[in-house]
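Work through the exercises below with the sequence and the model open side by side. Try each task before reading its solution.

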Amino acid sequence: MPLFDVILGARKAPQSAKVKESEAYLKEHPALKGKLDAALNACLAAQGRAWPEVVEPIAYISGALCVTPYLASNLEILGAEEMRLATLLVTIGQTHLFADWPAAGKRDEEKHALFTQLHTLDSSYPGGLRAYYASAKKLLSEAKAGCNPLGEWTPEVPSGQRVSAGSEHFFALEKAGMDVIGQTAFVLVAGGLGERLGYKGIKIALPVDSVSGKSFMQWYAEYILAFQARCCRGGRTIQLAIMTSDDTHARTLAFLESNKYFGLALAQVTLIKQEKVAALMDNEAHFARASRSFLLDTKPHGHGDVHHLLWSSGLATAWGKAGVRYVSFFQDTNALAFRAMACLLGVSVKSRLEYNSLTVPRMPGEAVGGIARLMRPDGASMTVNVEYNQLDPLLRATVSPEGDVADASGYSPFPGNINVIAIELGPYLKILEQTGGSMPEFVNPKYNDAERTRFNKPTRVESMMQDYPKLLGIGARVGFTQLDRWICFSPVKNAVADAAFKAAKKSLPECAASGEADMYLASA
């Protein structure tokens, strides 16, 4: 007996007028009824579930029956995959997405475009849209309740290496790092445009300085080629992966091709494209629609996706087979990062670290995450980045009534994370195999009422690449390397007006002009 008939036969709940209308329509269109039956089977198969022991038939299908009136006059234009996706959306409470669809023959291309988008979103997120919805519901519920994700933890000052640039210790670490830099792969996180800077192009195309006119991408490529010339033999190359996004992928590829990859071999550069996730319009995790469109409103999931992409693409595995020992991650507009790369890797080698964060001295309250060792009453501990807006409240609630204050050095005892990271590849591959590279997630909705029921604008589930240590077990070797800011950190991320405002407030401007000036200072 077809699955659809089994479901209808088992249904005991009262039938609404819409359900009866749906059933009547499908009885008149047996081919469409068979298509729906196939789609339901596909839904179950995609979840790896048996029928009907694991899934409650009525709960599973009632939504699909209720939504059929919205889709009834469009069923004839939907393929099997589109039927599967429609059924999936219904079963996770997203019927509003079809509520104003006109009959078949009107705006059909837009309807198919929605399903094309849904297919991408479903296939790119680990576990698909059902898993994304479940994660969103849980996180939004916790956010509404005011749950503190760090509520069980007490912060301590972490252990790490604080290194003075130019010292004998620094040069010894650089030497140790250069010994493995030929066995290191680099990952450039470059998913954003330069809109915040008042620049419409990709940020890696921005010039590092006005004298040479070299772009950030050329600057990074030349460093990699210099490392390669000094440290690699027998035709070995240093691999570079660039994480792009919908906004930057095509432009990044065109930029590389038009500049002949800045001397890098085509085979040593891989672009891994990050997809977006559905925006959420309320605490029930209803997907938001784009303005005047059937398409979903989508937003970036955060740079935590880089770990999943390295795993799902097979790139990390291929690097392991090729003898790569370390993977180093860096951001798109911090040209000074490569000046500290050898030292960072040297600390990783000498301290046998699985995960090593490059850090700088951090002023109390500065809008930079702080590295902290977190302790739990059961004895568990982890050394992780704590976002600046969480660190001060956490300190006040636990060990420091004054919050995030300076120590005798004049800086916060919690070093500033700058998202330049070195990870040992062997242990990394094991964690990727266990987790698929999925990072811990969070939501950050902006409410416009005291009851936390309405959002100012749609939010989304996010992840951060620096949360990787949260996946590690007890005894994991996690540390940090701290260098003075002048040698390793001067990001270009603010437009001129914003930079002037920050400078007037005695904050770092972090704009193109300050980035260029800091380059000259570091080279003096």
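**Exercise 1. Place N385 in its surroundings.**

Task: find the side chain that lies 3.4 Å from the side chain of N385 in a polar contact, then describe the rest of the site.

Solution.
Step 1. The partner is N417, whose side chain makes a polar contact of 3.4 Å with that of N385. A polar contact is a pair of N or O atoms within 3.5 Å; within protein, one must be able to donate a hydrogen and the other to accept it, and residues adjacent in sequence count only if both atoms are side-chain atoms.
Step 2. This is a predicted model, in which local features need pLDDT of at least 70 and side-chain atom pairs count only at pLDDT 80 or more, while totals for chains, interfaces and linings use all residues. Residues are numbered from 1 along each chain as its sequence is written, and side-chain values use heavy atoms, with hydrogens and water left out.
Step 3. The side chain of N385 also has a polar contact with the side chain of E387, at 2.6 Å.
Step 4. N385 belongs to strand β11, residues 381–386. Helices (H or I, at least four residues) and strands (E, at least two) are DSSP runs, numbered from the N terminus.
Step 5. With a relative accessible area of 5%, N385 is buried. Buried means under 20% relative accessible area, exposed over 50%, and partly exposed in between (1.4 Å probe, protein chains only).
Step 6. Leaving aside residues up to four places away in sequence, N385 touches G369, G370, I371, N417, Q466 and D467. Contact here means heavy atoms within 4.5 Å.

**Exercise 2. Follow the side chain of R362.**

Task: is R362 buried or exposed, and which groups does its side chain reach at 2.8 Å?

Solution.
Step 1. R362 sits in the loop between β9 (355–360) and β10 (370–375).
Step 2. Its relative accessible area is 1%, so R362 counts as buried.
Step 3. The side chain of R362 reaches the backbone oxygen of V368 at 2.8 Å. A polar contact of 2.8 Å also links it to the side chain of D404.
Step 4. Beyond four places in sequence, the residues that R362 touches include Y388, L391, Y411, F414 and P415.

**Exercise 3. Compare two loop positions.**

Task: which of P415 and E451 is buried, and which is exposed?

Solution.
Step 1. P415 lies in the loop between α14 (388–397) and β12 (416–424). At 1% relative accessibility, P415 is buried.
Step 2. P415 and P158 are 257 residues apart in sequence, yet their C-alpha atoms are 8.7 Å apart. P158 is among the residues that P415 touches, as are R162, T359, R362 and F480.
Step 3. E451 is in the loop between β13 (441–443) and β14 (461–463). Its relative accessibility is 54%, so E451 counts as exposed.
Step 4. From E451 to A145 the C-alpha distance is 9.6 Å, across 306 residues of sequence.

**Exercise 4. Describe two helix pairs.**

Task: at what angles do α5 and α6 cross, and α8 and α13 pack?

Solution.
Step 1. The axes of α5 (residues 80–91) and α6 (residues 108–124) come within 10 Å and cross at roughly 70 degrees. Axes are lines fitted to C-alpha atoms, for helices over the stretch in contact, and angles run from 0 to 180 degrees between N-to-C directions.
Step 2. The two helices α5 and α6 are therefore roughly perpendicular, a class that spans 65 to 115 degrees.
Step 3. The contact of α5 with α6 has 6 nonpolar, 2 polar and 4 charged residues.
Step 4. Helix α8 (residues 168–181) packs on α13 at about 85 degrees, with the axes 6 Å apart. That makes α8 roughly perpendicular to α13.
Step 5. The contact of α8 with α13 counts 12 nonpolar, 2 polar and 2 charged residues. F170, L173 and M178 are among those from α8, and A342, L345 and V349 among those from α13.
Step 6. In α13 (residues 341–351), 8 of the 11 residues are buried, including A342 and L345. Just after α13, R352 takes a positive phi of about 50 degrees.

**Exercise 5. Summarise the whole chain.**

Task: how many helices and strands does the protein have, and what share of its residues is buried?

Solution.
Step 1. There are 18 helices and 15 strands.
Step 2. Of the 524 residues, 49% are buried.
Step 3. Among contacts between residues at least 6 apart in sequence, 75% join residues at least 24 apart.

Methods. Parallel < 35°, antiparallel > 145°, perpendicular 65-115°, else oblique. Nonpolar A, V, L, I, M, F, W, Y, C, P; charged D, E, K, R; others polar.
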